[in-house]
Amino acid sequence: MNCQVFETVVNDLAREQMVEVNARKQALAHSGDCEACALRLALERRLSFGLRILAAEMKSLSAPAQVENHLRAAFRSQTSPITGKRAASRSRYWIVAAAAVVLIAFGIAGMRWALDEPSLTAIETSNTREAQTSPRGSAVTIEHPNTESTPNQTTVIYRPRRKQSVRRLTKPSANGNETFVAHGTAGGTINTEAGSSEQSESTTQFLSLSYISPVNLQDGGQLVRVELPRSAMARFGLPVNMERERYGERVKADVLVGADGLARAIRFVQ
Amino acid sequence: MKSDNSSDGELLQAMWAGDEEAFAALYRRRQPGIYRFALQMCGSQELAEDTAQEVFMVLMREVHTFDPARGSLSAFLIGVARHHVLRRLQRERFYVSLNETPDEGSLSSQVFLTTVGPLDEMSRTEAIEAVRRAVLALPERYREVVVLCDLQEMSYGETAEILGCAVGTVRSRLHRGRALLIEKLRPAREEDASSATVKSTRCFA
């Protein structure tokens, strides 16, 4: 062992720490031969001795009793507010959770009501004028003067209240395979004016398209804007100019489509 | 009432549940080591008392921050004490106490390492005072290692856990700290003699 290696173990030797047996023997042997390392080991041992005395002298020291008293008081004052705060915060959490559950329940119920219980729109003929109304929906009476084709007929349209975006539908109508361009009505009620955007339009009254239970629209319905050949007007007994130059023109019409996809009524738009 | 046989973890759980006696038992078990560590680090009884109180206040407030998987409660508390002491020392660095300034030229320093015989040749009180002053005069990074390893008699591993460093770092700091202590405890007249030798050597060179 040389002095450099001795330096690495001198601390552990002096502090009486665990040192490998061979390393310890070699270090002690080296200190016996090297005067400088022997002095170094002596100084380290003396320092360890002094530190041990200091540690032993301070072994009995501890914080005064007043510190414990202060801490006990602090503990007492802190635990009760903490417990109260915890209880308060827990109860607050429960209240918030209950409120959230109630809100969610109301939200779900509202959505179900809006989706499953559509508003009622009643279309009744001028003869009966009996509007069937939904207790929760809005009912609108549409006069239907075409008493010849649909005498004493009342058409009731249930529509969901939700807004519907404009979308394209490809649905076969009751009287032919037509491509419908559906204009969702903006949640308003259906009347003869058919919404604010169509107030400038003049329309005919609704003409029934179905001969079997035309009023059976309990599952809701849609108002669909379509384009038809002019000859379609003649089918409903409406006067139409069938001149050659206007024969190819198409006319706009609103078809009342039931929830089952069948067209229930139609009105022509000018 | 918690007995002294309960483990730190059991006392901690009872304390968290609001058991004051468990807290007191934990305090009595761990407070002396913390107090001594602070006192050996700063040399001020007031600061040591403050540290002991602050450590247990922290334990009261932030007991959830203690993770048994990361180390023992003792190491956690000593770590909190260390941070508190270092913060206070940093704050009070500009204030020098006339009473507690280490006097390296004192008699005890001069006689501690020059006496060839056993330590009883010098006054025990003087020797203790000399070592205490020398430890307090060490830079903080070496002082804390000397305090933990030599005065608190902790292992290298425990010290490394508290300081958050490697065992090798602890060993090297302890080596350097002890060397500095020996330098500080070396008598002034010996230093003068050695410096005079150097000067004369230079003169003759």
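## The nonpolar cores

In this predicted model, the largest nonpolar core runs to 53 residues. The residues with the most contacts inside that core are Ile34(B), Ala38(B), Ala52(B), Ala81(B) and Val146(B). Helix 2 of chain B, spanning residues 20–42, is the top contributor, putting in 12 residues. There is also a second, separate core, made of 17 residues, and its members include Phe206(A), Leu223(A), Ala253(A) and Val257(A). As a general backdrop, nonpolar side chains tend to be buried together in soluble globular proteins.

Ala81(B) is a handy place to start looking around the bigger core. Leaving out residues up to four places away in sequence, Ala81(B) touches Ile34(B), Phe37(B), Ala38(B), Thr51(B) and Val55(B). Two of those partners, Ile34(B) and Ala38(B), are themselves on the list of residues with the most contacts inside the core.

## Two chains, two layouts

Chain B has 10 helices and 0 strands, so to speak an α-α-α-α-α-α-α-α-α-α pattern when read along the sequence. Chain A mixes things up, with 6 helices and 8 strands. Its pattern along the sequence is α-α-α-α-β-β-β-β-β-β-α-α-β-β.

On burial, 36% of the 205 residues in chain B count as buried. For chain A, the figure is 28% of 270 residues. As for contact range, take pairs at least 6 apart in sequence: in chain B, 57% of such contacts join residues at least 24 apart. In chain A, residues 24 or more positions apart account for 63% of the contacts with a separation of 6 or more.

## Where the chains meet

The contact between the chains draws 28 residues from chain A and 32 residues from chain B. On the chain A side, the elements giving two or more residues are helix 3 (35–58) and helix 4 (65–116). Helix 3 of chain A supplies the largest share of that side, 12 residues. Sorted by class, the chain A side holds 15 nonpolar, 7 polar and 6 charged residues.

## Helix 9 of chain B and its partners

Start with helix 8 (residues 156–163) and helix 9 (residues 167–185) of chain B, whose axes sit 8 Å apart at an angle of about 100°. That angle makes helix 8 of chain B roughly perpendicular to helix 9 of chain B. Helix 8 of chain B brings Tyr156(B), Gly157(B), Thr159(B), Ala160(B) and Leu163(B) to the contact, while helix 9 of chain B answers with Val167(B), Val170(B) and Arg171(B). The class breakdown for this contact is 5 nonpolar, 2 polar and 1 charged residues.

Helix 9 of chain B also packs with helix 6 (residues 124–136) of chain B, this time at about 125° with the axes 9 Å apart. Helix 6 of chain B is therefore oblique to helix 9 of chain B, and their crossing is right-handed. Ala130(B), Ala134(B) and Val135(B) of helix 6 of chain B meet Leu181(B), Lys184(B) and Leu185(B) of helix 9 of chain B. By class, that contact has 5 nonpolar, no polar and 1 charged residues.

## Helix 2 against helix 7 in chain B

Helix 2 of chain B, the top contributor to the largest core, has a packing partner in helix 7 (residues 140–151) of chain B. Their axes come within 10 Å and cross at roughly 135°. Since angles from 65 to 115 degrees count as roughly perpendicular and those over 145 as roughly antiparallel, this pair is classed as oblique. Helix 2 of chain B passes helix 7 of chain B in a right-handed crossing.

From helix 2 of chain B, the contact uses Phe37(B), Gln40(B) and Met41(B). From helix 7 of chain B, it uses Arg143(B), Glu144(B), Val147(B) and Leu151(B). That works out by class as 4 nonpolar, 1 polar and 2 charged residues. Phe37(B) is also one of the residues that Ala81(B) touches.

## A loop residue: Val63(B)

Val63(B) sits in the loop between helix 3 (45–61) and helix 4 (73–91) of chain B. With 15 C-beta neighbours inside 10 Å, Val63(B) counts as partly exposed, because that class lies between the 12 or fewer of exposed residues and the 20 or more of buried ones.

Setting aside residues up to four places away in sequence, Val63(B) touches Leu12(B) and Trp16(B). Trp16(B) is 47 residues from Val63(B) along the chain, yet their C-alpha atoms are separated by 7.6 Å.

Note on methods: Residues are numbered from 1 along each chain as its sequence is written. Chains are lettered from A and ligands numbered from 1 in the order in which they are written. This is a predicted model: local features need pLDDT of at least 70, side-chain atom pairs count only at pLDDT 80 or more; totals for chains, interfaces and linings use all residues. Helices (H or I, at least four residues) and strands (E, at least two) are DSSP runs, numbered from the N terminus. Two residues are in contact if their C-beta atoms, placed from the backbone, lie within 7 Å. A nonpolar core is a set of buried Ala, Val, Leu, Ile, Met, Phe, Trp, Tyr and Cys residues joined through C-beta atoms within 7 Å. Axes are lines fitted to C-alpha atoms, for helices over the stretch in contact, and angles run from 0 to 180 degrees between N-to-C directions. Angles under 35 degrees count as roughly parallel, over 145 as roughly antiparallel, 65 to 115 as roughly perpendicular and the rest as oblique. Ala, Val, Leu, Ile, Met, Phe, Trp, Tyr, Cys and Pro count as nonpolar, Asp, Glu, Lys and Arg as charged, and the others, Gly among them, as polar. A crossing is left-handed if the near helix is turned anticlockwise from the far one by less than a right angle, and right-handed if clockwise.
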